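Biologist: I'd like to go through this one with you, a bit at a time. Could you put it up so that we can both look at it?
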Amino acid sequence: MSILVIAEHDNATLKGATLNTVTAASKIGGDVVVLVAGSNCGAAAEAAAQIAGVSKVLVADNAAYEYQLAENMGELIAEIGKNYTHILASATTAGKDFLPRAAALLDVNMLSEVIGVESADTFTRPIYAGNAIATVQSSDAIKVMTVRGTAFDAAADGGSATVEALDTAKNAGISAFVGEELAKSDRPELTAAKIVISGGRGMQNGDNFEMLYKVADKLGAAVGASRAAVDAGFVPNDMQVGQTGKIVAPDLYVAVGISGAIQHLAGMKDSKVIVAINKDEEAPIFQVADYGLVADLFDAVPELDNAL
Amino acid sequence: MKVLVAVKRVIDYNVKVRVKSDNTDVDLTNVKMAMNPFCEIAVEEAVRLKEKGIATEIVVVSIGPKVAQEQIRTALALGADRGILVETDEKLESLSVAKLLKAVVEKEQPQLVLMGKQTIDSDNNQTGQMLGALTGMAQGTFASEVAIDGDKVNVTREIDGGLRTVALNLPAIVTTDLRLNEPRYASLPNIMKAKRKPLDVTTPADLGVEVKSTLSLVKVTPPAQREAGIKVADVAQLVEKLKNEAKVL
Ligand SMILES: Cc1cc2nc3c(=O)[nH]c(=O)nc-3n(C[C@H](O)[C@H](O)[C@H](O)COP(=O)(O)OP(=O)(O)OC[C@H]3O[C@@H](n4cnc5c(N)ncnc54)[C@H](O)[C@@H]3O)c2cc1C
Ligand SMILES: Nc1ncnc2c1ncn2[C@@H]1O[C@H](COP(=O)(O)O)[C@@H](O)[C@H]1O
């Protein structure tokens, strides 16, 4: 078995999700090689070489990979990947963008959001917004999959992989990066935070999210949101938790003014402890909450802030 | 320009699906079916492009059983001009869907292909990207804004860190995210009119595509169930429980 893990990074730093994906790769068993494709991405490659369990890091350092455009990444991964039995990437918006493209170029199917490794060819993944778990066996020559970070622990550091530079420049020339608006925040990343506090439509507007930010900063927590809060423009899209947003599984998840639609639950119901604050005692969120507080959030959240 | 929209018939998003007791699959008997919500957004975007005078013809395609004609008719009622059903009763994996769509693309030669980012049954989020690979077209996935600009399309994409804009050469594939638009409802007169719009039925064999499966479903199980916990009386009790019982603060 030889497994290729595609690193998630921003050229300068390696993203934490890569560590979870390496753990999934180690569960399959075999040689784990990490591909770092970027531009001036030496620092990210160095970091990848230090992950325990990684034998080799391949570095494709070229302007064509600076923004990891799917058209270029697809071609690169399809070429490098044909020598491997498995190709894994994190189930982030980057991995979801380029990996299916690579799979189709290799003429194989793909498994999205894998949450368990049963054997080298059999994996589990959620379907129907997590209301069912499918165990799927693949007969493809190369098994291609994205891995859900919350389902696997982060790999430790302490590795010393060899780093090998690749001479490659796959430039499909059909797409170009124009610009980016990235949310800047000093709070921990949603998918990595130990505590997440999310607000829903009940928050009424973006200004009221300040209440949640204050509590979050006391607890070192990340702040998330329901789709309704994002659609209404209270907060940016990258805060959405759910079936089609981010998947989180912190030690503590606090849902404030969120009803608990199945699409929202799909993104947070694997949290260790769930707290719900909602004024409607019939709200479905209470069916999954370990601690439910039936209260007006405009009273409860400031009280919580004072109590901490 | 000609726009092709791919739509899939799936379980209605309000339905909470149940796993069959023999764990072979989920139970879809007598379950309400509908157009995949992301495909509705794709249809809406095509109709808006037509209203702006950019799109000249909207062709909608679905691959699935005969009853998937219902979803094609819905798209026609929303403003699509004609429909294609690739009829098959097989459960298709994304690669096969992409190969069938590629055959349709070769016939129709659209300048833009609009698709959903994800179907809410398989939750695959793959088909648009795979179609991109097979046709060599550029892809703008998870789109929250689409702007045609001459022989290019600028797509603003919802990514984990925020928003990113890419410029793609046309023809291109765009997959829709939730914020791209808010789909309209079909009016009764338009539903009536849609019944007379052309809908061609073809098959994978007609398209010269051999459908093969490489993924087998070993079993389907319900997820770990969470029990509802307790209701706390007030914030003080909540904090006390989180500190001393759950030990998460
Ligand atoms: C294809 C598709 C994908 C989707 N993906 C996602 C997703 O990824 N994530 C997601 O979250 N949703 C998603 N949704 C939307 C989902 O179905 C719900 O519409 C959404 O989660 C509702 O958000 P909400 O709970 O904030 O709003 P609501 O359902 O309106 O609930 C608001 C809650 O706030 C409470 N409230 C109001 N005022 C107060 C107050 N003063 N004090 C206390 N409580 C108060 C109310 O009692 C209510 O329970 C998706 C839907 C579709 C169709
Ligand atoms: N059977 C199908 N018929 C038509 N379009 C489909 C079909 N399956 C998937 N698609 C398209 O591909 C998108 C993404 O689907 P998926 O990759 O299955 O999550 C959907 O929103 C549709 O636009």
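Biologist: Let's start with strands: how many bridges join β9(B) to β10(B), and do they run parallel or antiparallel?

Modeller: Please keep in mind that this is a predicted model. In it, β9(B) and β10(B) are joined by 6 bridges and run antiparallel, and one of the facing pairs is A143(B) with R157(B) of β10(B).

Biologist: What sits between those two strands in the sequence?

Modeller: There are 2 residues between β9(B) and β10(B), which together form a hairpin, and G150(B) in the turn has a positive phi of about 65°.

Biologist: And how many bridges does β10(B) make with β11(B)?

Modeller: β10(B) pairs with β11(B) over 8 bridges, in the antiparallel sense, and a hairpin through 2 residues connects these strands. I159(B), for instance, is found opposite G162(B) of β11(B).

Biologist: Is β10(B) mostly buried or exposed, then?

Modeller: Of the 8 residues of β10(B), 6 are buried, so this strand is largely enclosed by the rest of the structure.

Biologist: Which strand of chain A is joined to β11(B)?

Modeller: That is strand β11 of chain A, residues 175-182, which runs antiparallel to β11(B) and is joined to it by 7 bridges. To find the pairing on screen, you could look for L182(A), whose bridge partner in β11(B) is G162(B).

Biologist: How many residues are in contact between the two chains overall?

Modeller: On the chain B side 79 residues are in contact with 84 residues of chain A. The area buried between the two chains is about 6,700 Å², and carbon and sulfur atoms give 54% of that area.

Biologist: Why quote an area at all?

Modeller: The accessible area lost when the parts come together is often used to give the size of an interface.

Biologist: OK, and how many salt bridges and polar contacts are there across it?

Modeller: The rule finds 5 salt bridges between chain B and chain A, and one of them is between E180(A) and R164(B), where the closest N and O atoms are 2.7 Å apart. As for polar contacts, the count is 52 residue pairs between the chains, with both residues at pLDDT 80 or more.

Biologist: Which parts of chain B supply that side?

Modeller: Several elements of chain B each supply at least two residues, among them α3 (94-108), α4 (127-135), β9 (138-149), β10 (152-159) and α6 (235-244). The largest share, 8 residues, comes from β11(B). Sorted by class, the side of chain B that touches chain A has 39 nonpolar, 20 polar and 20 charged residues.

Biologist: Switching topic: what is the strand order in the open sheet that has β15(B) in it?

Modeller: That open sheet has 6 strands with parallel pairing, in the order β13(A)-β12(A)-β14(A)-β15(A)-β16(A)-β15(B). The edge strands are β13 (222-225) of chain A and β15 of chain B, each of which pairs on one side only. Within the sheet, β15 (residues 273-278) and β16 (residues 291-294) of chain A pair over 4 bridges in the parallel sense, with G292(A) as the bridge partner of A276(A).

Biologist: Now a single residue: where is T168(A), and is it buried or exposed?

Modeller: T168(A) lies in the loop between β10 (162-166) and β11 of chain A, and it is buried, with a relative accessible area of 12%. Its side chain makes a polar contact of 2.5 Å with the side chain of Y65(A). Not counting residues up to four places away in sequence, T168(A) touches A60(A), N62(A), Y65(A) and L76(A).

Biologist: L76(A) is in α3(A), so how many residues of that helix are buried?

Modeller: In helix α3 of chain A, residues 70-81, 10 of the 12 residues are buried, so the helix is largely enclosed by the rest of the structure. The buried ones include L76(A), I77(A) and I80(A).

Biologist: Last one: what about T56(B), buried or exposed?

Modeller: T56(B) is exposed, with a relative accessible area of 55%, and its place is the loop between α1 (37-51) and β6 (57-64) of chain B. T56(B) and M1(B) are 55 residues apart in sequence, yet their C-alpha atoms are 5.2 Å apart in space. Leaving aside neighbours within four places in sequence, the contacts of T56(B) are M1(B), K2(B), K50(B) and D81(B).

Conventions
Residues numbered from 1 in each chain as written. Chains lettered and ligands numbered in written order. Predicted model: local features only at pLDDT ≥ 70, side-chain atom pairs only at ≥ 80, totals over all residues. Heavy atoms only, no water. Contact = heavy atoms within 4.5 Å. Buried area = accessible area lost by both parts, 1.4 Å probe. Salt bridge = Lys/Arg side-chain N within 4 Å of Asp/Glu carboxyl O. Polar contact = N/O pair within 3.5 Å; in protein donor to acceptor, adjacent residues only side chain to side chain. Nonpolar A, V, L, I, M, F, W, Y, C, P; charged D, E, K, R; others polar. Pairing = 2+ DSSP bridges. Buried < 20%, exposed > 50% of the residue type's maximum accessible area, 1.4 Å probe, protein only.
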